[in-house]
Amino acid sequence: VPGVNAEKRNEVRFFVPGGCVANIDFVESIFGNGGDPNLPENDAGVDTAHWTGTTGCVVLAPHLRKCRKKDLGLPHVSEATEKQIEDNMSWTDSEELYQD
C-alpha cells in the first residue's frame, strides 16, 4: 500500500541443467536478476523490512520426461490419495510416463 507499507519482495531460485541455461536468460529478461545470491545485499532473507517472507524454487528437470511414474515412486491409483489422483500423480498403467 503506497504511503503505508514499504515495497516487499520475494526471492526465487532456479536450478537447471546446463542445456537449459537459455531458458533462465529468458526468465531474467522478464523478472530481472537480483545478482549473486551469496552476497548479503542480494539476499532477500536478510532484508526483513522488504522481504515478503517467501522464497520460491523452480527446478527444470527435462530428464523426467522419459521416466515412468511407477519408477519415480508414485502410487498406483488404488493406493493414491484424492489429491494425488486429482493432480495426476498416480498411475494405472505401469508404463505410464511422468510427463505424458
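Helices, numbered from the N terminus, are DSSP runs of H or I with at least four residues, and strands are runs of E with at least two. With that in hand, I can place Cys 20, which lies in the loop between β1, residues 9-15, and α1, residues 21-31. Please keep in mind throughout that what we are looking at is a predicted model.

Let me stay with Cys 20 for a moment, and then step back to the whole chain. Is this cysteine buried or exposed? Cys 20 has a relative accessible area of 14%, and because the cut-off for buried is under 20%, Cys 20 counts as buried. If we leave aside the neighbours within four places in sequence, Cys 20 is in contact with Leu 60 and Pro 62. The second of these partners, Pro 62, is 42 residues away along the chain, and yet the C-alpha atoms of Cys 20 and Pro 62 are separated by 8.8 Å.

Now to the protein as a whole. The secondary structure comes to two helices and two strands, and, read from the N terminus on, these elements follow the order β-α-β-α. The radius of gyration is 19 Å, well over the 13 Å that the globule rule gives for 100 residues, so the protein is more spread out than a compact globule. Taken along the principal axes, the box that the C-alpha atoms fill is roughly 55 × 35 × 20 Å. Of the 100 residues, 12% are buried, and the accessible surface comes to about 7,600 Å², with 54% of that area belonging to carbon and sulfur atoms. As for the contacts between residues at least 6 apart in sequence, 63% of them join residues that are at least 24 apart. On the charges, there are 9 positive and 17 negative ones, and their mean positions are 3 Å apart.

Next, a look at the second strand, through Val 58. This valine is found in strand β2 and is partly exposed, with a relative accessible area of 30%. Which residues does Val 58 touch, once those up to four places away in sequence are not counted? They are Val 12, Arg 13, Phe 14 and Phe 15. A further pair to point out is Val 58 and Val 16, which are 42 residues apart in sequence and 8.4 Å apart in space, going from C-alpha to C-alpha.

I would like to spend the rest of the time on Lys 69 and its surroundings. Lys 69 is found in the loop between β2, residues 51-59, and α2, residues 82-86. For a bench reader the accessibility may be worth a second look, since Lys 69 counts as buried because its relative accessibility is 0%. What does the side chain of Lys 69 reach at 2.8 Å? It is the backbone oxygen of Asn 88. Not counting residues up to four places away in sequence, Lys 69 touches Leu 74, Asn 88, Ser 90, Trp 91, Glu 96, Leu 97 and Tyr 98.

Asn 88 itself is found in the segment after α2 and, at 39% relative accessibility, counts as partly exposed. Its backbone deserves a remark as well. Most residues other than glycine have a negative phi. In Asn 88, however, phi is near 60°, which is a positive value in a residue other than glycine.

Two other partners of Lys 69 can be described in the same way. Ser 90 also lies in the segment after α2, and this serine is buried, with a relative accessible area of 6%. With residues up to four places away in sequence not counted, Ser 90 touches Lys 69, Pro 75, His 76, Val 77, Ala 80, Gln 84, Ile 85 and Glu 96. Glu 96 therefore appears in the list for Lys 69 and in the list for Ser 90, where a contact means heavy atoms within 4.5 Å.

Leu 74, finally, is found in the loop between β2 and α2, and at 18% relative accessibility this leucine counts as buried. Leaving aside its neighbours within four places in sequence, Leu 74 is in contact with Lys 69, Met 89, Trp 91 and Tyr 98. The C-alpha atoms of Leu 74 and Trp 91 are separated by 7.2 Å, with the two residues 17 apart along the chain.

Conventions
Residues numbered from 1 in each chain as written. Predicted model: local features only at pLDDT ≥ 70, side-chain atom pairs only at ≥ 80, totals over all residues. Heavy atoms only, no water. Rg over C-alpha atoms; globule rule 2.2 N^0.38 Å. Buried < 20%, exposed > 50% of the residue type's maximum accessible area, 1.4 Å probe, protein only. Areas by Shrake-Rupley, 256 points an atom, 1.4 Å probe, with all protein chains shown as cover. Lys, Arg positive; Asp, Glu negative; His and termini not counted. Charge placed at Lys NZ, Arg CZ, Asp CG, Glu CD. Polar contact = N/O pair within 3.5 Å; in protein donor to acceptor, adjacent residues only side chain to side chain.
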